Amino acid sequence: MRTQVGIVGAGPAGLLLSHLLHLGGIESVVLEIKSRDYVEKRIRAGVLEQGTVNLLIESGVGRRMQREGLVHHGIQLRFAGRHRRLDLFQLTNGRAITVYGQHEVVKDLIAARLVAGGPILFEIADVSVHGMTTATPTIRFRKDKEVLELTCDFIAGCDGFHGVCRPSIPKGTLTLYERNYPFAWLGILAEAPPSSEELIYAYHERGFALHSMRSHAITRLYLQCEPDEELANWPDARIWAELGTRLAVPGWTLTEGPILQRGITGMRSFVVEPMQYGRLFLAGDAAHIVPATGAKGLNLAVADVHILARALVEFYSSDKVDLLDRYSETCLPRVWQAQRFSWWMTSMLHRFGDGGAFQQRVQLAELEYVTSSRAAATALAENYVGLPLGWLPEASPLG
Ligand code: FAD
Ligand code: DHB
């Protein structure tokens, strides 16, 4: 088998890259270890930045999102029993976020690829990548009982944090930057109408809580928990009681309902530099992980493949390799801005076991500041709705 770009992983990064390449007249094959049903039902992120929304619309895969997604102009912060609203729309001159599940984006992208005849091979196994520094890198894999080889011009490693592409790069080539946090999130999806029209981020002495949603009938909620927490320790009644306590403000009640799905997600910051090796390009979670508090993981994956697709289109249309050579350099400034923001939101909103009373006072002071200073609120808002897709420091107005 032969293709121009072999894409490992049918998450948002791999599927969107394949779609953007198709629009640019470039062939690709997407290889995925899980089933179509599994990737279309995998519940993960839900907040799309303005730039992500614009790209999905401009590239023709935004119609259902425009119909069913929930456009939010603000978020709420709760702390010390109080409630403050940040008007994202006003603070960012008309930008907003859209709440639309990652699995819905994945469904829309798979549908678009299949309509266009784009091959996606699901349920493959034993994937390995070879010849990354040659002009014809290859991907070997097993489909049913058959061992197959896909010869490519380029390979895109869009196979997430636990994939095979990043570990295939020779040791000593990449520099790893990493931080683990001493807590995780317990997330639930509940059949209950949201108790607030907007997302609520809550700082509480018992730990962080987040109220989000997927539709007018489905709520998505998260609780800070121990990093090695067992779901078995969290019967439904305990989850609802803890959410009710942490999110409480006078006069507000949390609507409960049957829990449809639950899971525990670790909190980690991770970046590799560079994000490329020969003709292998890493994108999305394969290259970087952010703690979920800033809602940036999915959006960073989208920004990477936007840049990678542009570079590949330039290569195939004019034989120029400049953009491909500069892929890491172009992505990393924005990746580090998202890392910084996610780390800051995480630090401001979680209880750290060893932080003591001093850290608590500083966190409360920070929350007071971002909800009372227009400059601080603007800094939060412009990062939350998302920096421009190709953000570079020298292009900023103060640069
Ligand atoms: P992924 O979505 O991970 O896609 C990678 C794909 O590659 C997967 O389909 C995987 O099955 C496939 N794959 C893996 N190994 C191979 C292989 N060897 N061969 C072929 N295919 C392979 N972000 C938020 O902003 N908010 C959240 O609430 C949130 N919750 C999350 C919960 C979990 C459990 C996880 C893991 C992540 C969460 N994230 C969240 C982060 C966000 O979902 C990711 O940043 C986003 O999925 C990145 O997209 P991606 O395409 O790079 O990677
Ligand atoms: C959701 C997830 C996040 O990590 C976040 O910061 C906001 C919302 C969500 O799943 O809806």
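**Two ligands, two cores and one glutamine**

Let me begin at ligand 1, where an oxygen atom is 3.4 Å from a polar backbone atom of Leu298, a polar contact in the sense of N or O atoms paired within 3.5 Å (within protein, one able to donate a hydrogen and the other to accept it, and residues adjacent in sequence counting only if both atoms are side-chain atoms). This is a predicted model, in which local features need pLDDT of at least 70 and side-chain atom pairs count only at pLDDT 80 or more, while totals for chains, interfaces and linings use all residues. Residues are numbered from 1 along each chain as its sequence is written, chains are lettered from A and ligands numbered from 1 in the order in which they are written, and side-chain values use heavy atoms, with hydrogens and water left out.

Staying with ligand 1, an oxygen atom of this ligand lies 2.6 Å from an N or O atom in the side chain of Arg42, and an oxygen atom is also found 3.2 Å from a polar backbone atom of Pro12. On its own ligand 1 has 980 Å² of accessible area, of which the protein covers 85% (Shrake-Rupley method, 1.4 Å probe; for residues, only the protein chains shown count as cover). Two or more residues of the shell come from each of helix H1 (12-23) and H9, and H9 gives the most, with three residues; helices here are DSSP runs of H or I with at least four residues, strands are runs of E with at least two, and both are numbered from the N terminus. In total 30 residues surround ligand 1, the closest being Glu32, Arg42, Arg44, Gln102 and Asp285, where being near requires a heavy atom within 4 Å.

What surrounds ligand 2? Its shell has 14 residues, and the closest are Tyr201, Ser212, Arg214, Tyr222 and Ala292. Two of these tyrosines also appear in the polar contacts, since an oxygen atom of ligand 2 is 2.7 Å from an N or O atom in the side chain of Tyr201, and an oxygen atom is 2.6 Å from an N or O atom in the side chain of Tyr222. Ligand 2 taken alone exposes 290 Å², and the protein buries 97% of that. At least two shell residues are supplied by each of strand S14 (199-202), strand S15 (209-213) and strand S16 (219-225).

Turning to the interior, the largest nonpolar core has 75 residues, and Leu17 and Ile139 have the most contacts inside it; such a core is a set of buried Ala, Val, Leu, Ile, Met, Phe, Trp, Tyr and Cys residues joined through side-chain atoms within 4.5 Å. Helix H9 (residues 297-318) contributes the largest share of this core, twelve residues. Apart from it lies another core, of 35 residues, including Leu70 and Trp344.

Finally, is Gln276, a residue of strand S18 (residues 276-277), buried or exposed? Gln276 counts as buried because its relative accessibility is 14%, the limits being under 20% for buried, over 50% for exposed and partly exposed in between, with a 1.4 Å probe and protein chains only. A polar atom of the Gln276 side chain lies 3.0 Å from the backbone oxygen of Leu324, and that side chain also reaches the backbone nitrogen of Ser328 at 2.8 Å. Neighbours within four places in sequence aside, Gln276 is in contact (heavy atoms within 4.5 Å) with Phe281, Leu324, Asp325, Arg326, Tyr327 and Ser328.
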